[in-house]
Every structure is written in C-alpha cells, then in structure tokens.
Amino acid sequence: MLEPLRQGLPPLDPAAVSDAASCALPARYEAVREARRFTRRTLDQWDMGDRFDDVCLVVSELVTNALRHGLPASTVCATGQEPPVRLHLMRWTERLVCAVRDPSHDSPVARETDDFSAESGRGLFLVDSFSDSWGWHPLAGALSGKVVWALFRLPRPGSRPHGE
C-alpha cells in the first residue's frame, strides 16, 4: 500500500495557475472515452496538442482506475447528483497536472508484475513511466475520497525541445 504522497508534487500556487479545466465523469466505462475527448480539446485549446499522447494515456489509466477501484460495484448516478469521478487538468508555466477525484478512501496499489502482456494490472506502472511524477492524497472538508494526480514537466517558454 502506498502512503499518501504529497512530497512528490512540487509546491503549486493555485493563484498562479495559467489554465484549468475540469470534467465530471459518470460511473460507466464510456467515461474513459469522454475523458480522452475532454483532454484532447483542452490540450488543443492550450496549444499543447503535442503532449496529447502521453497525457491521454495517463488520464485514461487514472480514470479507469477510479472507475474500477474507486467506486462501489453498484454505483449509479442519480439524476441531479454530482457524478462520482472528476478529471481536473491544471497548467502552470512549466507544469501540467492531471488529477482524478473519486469517492474511495482506499490508497492506490501498484501491482508487482513481470507479465507485461497482461491485459490489466499495469495502470500505475504506465502512469509512473509516462509522467514525471505521480501520487495521491485524501480529500478533506466537505469532499470525501481521494485525488490521484500525475505531473508533467513542460519546457520553459522560449526554450527549445532537446534535439532541435
């Protein structure tokens, strides 16, 4: 079991956010496709379409894990009720954070596996491989559950990517 990880997330001043977007996702697996579409639109609006492949893979894994492990098996959204999973995308000058909120208090569990052809069980391994860091923390106050986040470092404005 992982302890809540805040130390991996660099201090991020909410007032310094350049851009932020959020999407409520229903408790059904089609929500993963909706999360990918939302991520595509958002990154395109932020002129970050070149980061879509890595970010989309991580978003897909985080949302899938929230739906699979963060919801009771019988969860159904009642009309007018807040959907139980929410995707947040936040961009600072040099960082992009993808965060997925779900109602579970259980910590994410990274499975140890040597079978890389397995159909499931590699989600957090992929998140760890494609993002610069990730972690989770419990929610407090009126919100219950947890947030699992992944951070992507962005090139400094005006800097050239490696190899150019």
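Which residue lies over the face of Phe52? In this predicted model, that residue is Arg40, sitting at 3.7 Å from the ring centre. As for rings paired with one another, the count of aromatic pairs comes to zero.

The contact between Arg40 and Phe52 belongs to a helix pair. Arg40 is part of helix H1 and Phe52 part of helix H2, and both turn up in the set of residues through which the two helices meet. On the H1 side, that set also takes in Ala31, Val32, Ala35, Arg36, Thr39 and Leu43. Across from them, H2 brings Val55, Cys56, Val59, Ser60, Val63, Thr64 and Leu67 along with Phe52. Packed helices are described by the angle between their axes and the distance between those axes. Here H1 (residues 30–45) and H2 (residues 52–69) have axes that come within 9 Å and cross at roughly 145°. The crossing is right-handed.

Now to the sheet. Five strands make up an open sheet, lined up as S1-S2-S3-S5-S4 with antiparallel pairing. S1 (19–25) and S4 (133–138) are the edge strands, and each has a single partner, so one side of each goes without a neighbour in the sheet. From one strand to the next, the twist averages 15°. Helix H1 packs on this sheet, where it touches S1, S2 (85–91) and S3 (95–102). The direction of H1 makes about 165° with that of S1.

Going strand by strand, S2 and S3 run antiparallel and are joined by six bridges. A hairpin of three residues links the two, and Arg86 has Arg101 in S3 as its bridge partner. S3 then pairs with S5 over eight bridges, again in the antiparallel sense; here Val100 is matched with Val148 in S5. Finally, S5 (residues 146–153) pairs with S4 through six antiparallel bridges, and Trp134 stands opposite Ala150 of S5.

How much of S3 is buried? Seven of its eight residues are, so S3 is largely enclosed by the rest of the structure. Over in strand S2 sits Arg91. Its relative accessibility is 22%, and because buried means under 20%, Arg91 counts as partly exposed. The C-alpha atom of Arg91 is separated by 8.8 Å from that of Trp46, although the two residues are 45 apart along the chain.

Key: Residues numbered from 1 in each chain as written. Predicted model: local features only at pLDDT ≥ 70, side-chain atom pairs only at ≥ 80, totals over all residues. Heavy atoms only, no water. Pairing = 2+ DSSP bridges. Helix = DSSP H or I, 4+ residues; strand = E, 2+ residues; numbered from the N terminus. Axes fitted to C-alpha atoms, helices over the stretch in contact; angles between N-to-C directions. Contact = heavy atoms within 4.5 Å. Buried < 20%, exposed > 50% of the residue type's maximum accessible area, 1.4 Å probe, protein only. Phe/Tyr/Trp six-rings, centres within 6.5 Å; stacked < 30°, edge-to-face > 60°. Lys NZ or Arg CZ within 6 Å of the ring centre and 35° of its normal. Left-handed = near helix turned anticlockwise from the far one by under 90°.
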